[in-house]
Amino acid sequence: MDEMQWDVVVVGGGAAGLSAALLLGRARRRTLVVDAGSPRNRFAGHMHGVLGQEGVPPAQLLERGRAEVSTYGVQIAPGTVQRVDPTGAGVQVTLDTGEPVRARTVVVATGMTDVLPEIPGLAERWGRTVLHCPYCHGWEVADQRLGVLTTSPLGLHQAQLVRQWSDTVTVFTAGLGPLDAAAEHRLRSRGIELVASPVVEILGTSAAIDAVRTADGTLTPLDALFTAGTPRPHTAFLDHLGLATTDTPMGRFLAVDGAGRTSNDRIWAVGNVTDPVLTVPVSIGAGARTGGAVNAALVAEDFDRAAAPDHAAGPAPSEYWEHRYTSAERMWSGHVNQVLAEIAADLEPGRALDLGCGEGADAIWLAQHGWTATGIDISATAVRRATEAARAAGIPAERLSFVAADLSTLGEGDRYDLVTASFLHSPVALPRAEILRAAARHVAPGGHLLITGHASAPAWAELPPAHGPRFRTPAEEVEELDLDPAQWTVRVAETRPRQVTDPQGRPASIDDSVVLLQRHEHRAAVPPRAPVSGAADTGRSDRSASASS
C-alpha cells in the first residue's frame, strides 16, 4: 500500500467501523478498513432489535456492509494494527505485517471482548444459551426457566431486567457481594428465587443448558442463563499514546466527544471501544455520526490549507518522491516505456532529455539506440539508482548522464532533439502543465516533445467514477500545453492500449494517452509509424515528477 494513500484508516470492520466507512466513502474520502474479522457478536446466530434486519445473522449484516462500502471505493484489508503514531499532518498506522500505512486520520472501531468467568460449560454456550442482553435475546427465551449469573454489583440491574421476560427467574447472587435486606426484598417481591452458593458448572448437551451446579452441590434446572463478562476494550495498540479515558462501572474506555473525537485530534473512536453497552443499531448510528464528523473535520482542514497565505497542499514533491524511492528497493520494472520505444525508433537520434527519469530505464534505452541522453528527476535516490544501472549496462558517461534537480536548473540555451515525459503524474501538488510548457522551450528546431500519460485507471482498481483519478485526454493535453500552432505541429494525439498483467497475474489492458509534437524545423524529421497495440508491458504505472517550478 502506498504511503500517503489514505484520507482515513478505519481500524475494525464491525457494525460501527463499516458504518463510519460508508459515510466516508460516500463523501469521496479515500478510506481503508483494516478488519481482524472477529466482531463481538460473532458467537450469536442472529441479531434482534435491529430495525430492518430483525433475525439476520451478524455475519450476513457484515457481508452486506462490506459490499456496500466497496461500491464507494472503500478498500478492506484483513489484519490487525500494531500501533498508531501521530505524524503532525496525519497518522502512521503499522499493520501486523509490519507495513506502515499513512493517513490523515484514523477511526478506531476495534470493539471489545467479554471476559467470562472461568466456569466449565459457560464459554462454550456463549451467545446461544448463555446470554448477556435481554433486549437482544430475551424474546427468544421468554417464559422459560431463566437464570442470572451475577459477576458484579451491576448484576442487580440485569436481574431486574430479565424478570420482564419470564416469571421463573433464579439469580445466583455470589457476584453481588453481601446482599442487604432491601435488595433481597426487592428481588423476592417479584417472585425471583435467590441462590447464594457460587456457580461451579454449567450442565447440558451441546449448546443447550439443562442445569447449573453450585458449590454446595445443588442443581438448579435452567433453559438459559444471563450473565455479564468483564469488558476488555481492544486498545492495546494505542496504549503508548496516553489517550484520555473514561472510568465507567464496567471499566475504563476511550473518552470521546459527542462526535467521536478522542483527546488526539487525528484519532477518533466509535462503538464498543468507547461504550460496552452499545448494541448493533446504536453502533451503526454512532458510526454514521462519526464518519460524517471526520469528513467535516477534513473538509475544514482542506479549506484552512487552501486559504492559508503559506498554503502548501501536502508534502513538497521532492520530499514525497524521495520518500517513495527510499521506501522501496525498486520502484519500476527496469524496462523501456513501450510508447517511447515505438516512436523514438522512427526518429533520427540526437540529444534527448527524459523528464522524471526515475530509475533510468528510458534514458538507458535511448543511449543504447544512438541518442546522447540526459535524465532528470526530483529524487536523488532515483538518480543514484539510474546512474548505477547505466554503469552496469556499460554506457559511457559522455553518452548518458543523470541529474537530481528540477527543470529550473536547465540553462536557457540547452536544446534537445527529443524531450520525453512518461507518466509524469504525481499524487502531491505539482505544476505539471507549467513543467511541460517549460520543457517545450528546450526542444530544438525540428525536434519533438513526447508526452505519455495514463488515459484510464486500471480495471482491477474497481473505483466508482467519483473516486477515480481524472486523466487528461490527448486533446486536452494539447489544449493545455497551448503551444503556438505557427511553431508546432501535432504529429500524434491518440489513446493507445497497452497489454499488462493485473495483480493476480492475469493478462489485462490499460489505455495510455500519447501526444507527440514537433517544433517547426531546420531539419526534417521522419514521421512516426502507425500506432502499435499489444506490445509488452513496460511495468511502470507511474513515474516520479521530474520538475517543480
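The following exchange goes through several descriptions used for this predicted model.

Reader: Why is Leu241 called partly exposed?

Author: Its relative accessible area is 25%. Buried means under 20% and exposed means over 50%, so a value in between counts as partly exposed. Leu241 sits in the loop between strand E16 (230-233) and strand E17 (245-248).

Reader: What is Leu241 in contact with, leaving aside its neighbours within four places in sequence?

Author: Leu241 touches Val84, Pro86 and Ile267. The C-alpha atoms of Leu241 and Asp85 are separated by 7.8 Å, with their positions 156 residues apart along the chain.

Reader: What makes Tyr135 and Trp165 an aromatic pair, and why edge-to-face?

Author: The ring centres are 5.7 Å apart, and the limit for a pair is 6.5 Å. The angle between the planes is 90°; anything over 60 degrees counts as edge-to-face, so the label applies. The structure holds one aromatic pair. Tyr135 lies in helix H3 (residues 134-137) and Trp165 in the loop between helix H4 (155-162) and strand E10 (169-172), so the pair ties together parts 30 residues apart in sequence.

Reader: Which of Tyr135 and Trp165 is buried, and which exposed?

Author: Tyr135 has 58% relative accessibility, which is over the 50% cut-off and therefore exposed. Trp165 has 17%, which is under 20% and therefore buried.

Reader: How do you know that Arg351 lies over the face of Tyr416?

Author: The distance from the ring centre is 4.5 Å, and the limit is 6 Å. The criterion also asks for a position within 35 degrees of the ring normal.

Reader: Why is helix H9 described as largely enclosed?

Author: Seven of its eight residues are buried, so the rest of the structure largely encloses H9. Among the buried residues are Asp362, Ile364, Trp365 and Leu366. The buried residues pack against helix H8 (338-344), helix H10 (380-392) and strands including E20 and E23. Helix H9 (residues 361-368) lies across E20, E21, E22 and E23, at about 155° to E22. Just after H9, Gly370 has a positive phi of about 95°.

Reader: What makes E22 and E25 edge strands?

Author: Each pairs on one side only. The open sheet has seven strands in the order E22-E21-E20-E23-E24-E26-E25, with mixed pairing. From one strand to the next, the twist averages 15°.

Reader: How do you know that E23 and E24 pair?

Author: Six bridges join the two strands, which run parallel; at least two are needed, so they count as paired. In E24, Leu450 is the bridge partner of Thr420.

Terms used: Residues numbered from 1 in each chain as written. Predicted model: local features only at pLDDT ≥ 70, side-chain atom pairs only at ≥ 80, totals over all residues. Heavy atoms only, no water. Helix = DSSP H or I, 4+ residues; strand = E, 2+ residues; numbered from the N terminus. Axes fitted to C-alpha atoms, helices over the stretch in contact; angles between N-to-C directions. Contact = heavy atoms within 4.5 Å. Buried < 20%, exposed > 50% of the residue type's maximum accessible area, 1.4 Å probe, protein only. Phe/Tyr/Trp six-rings, centres within 6.5 Å; stacked < 30°, edge-to-face > 60°.
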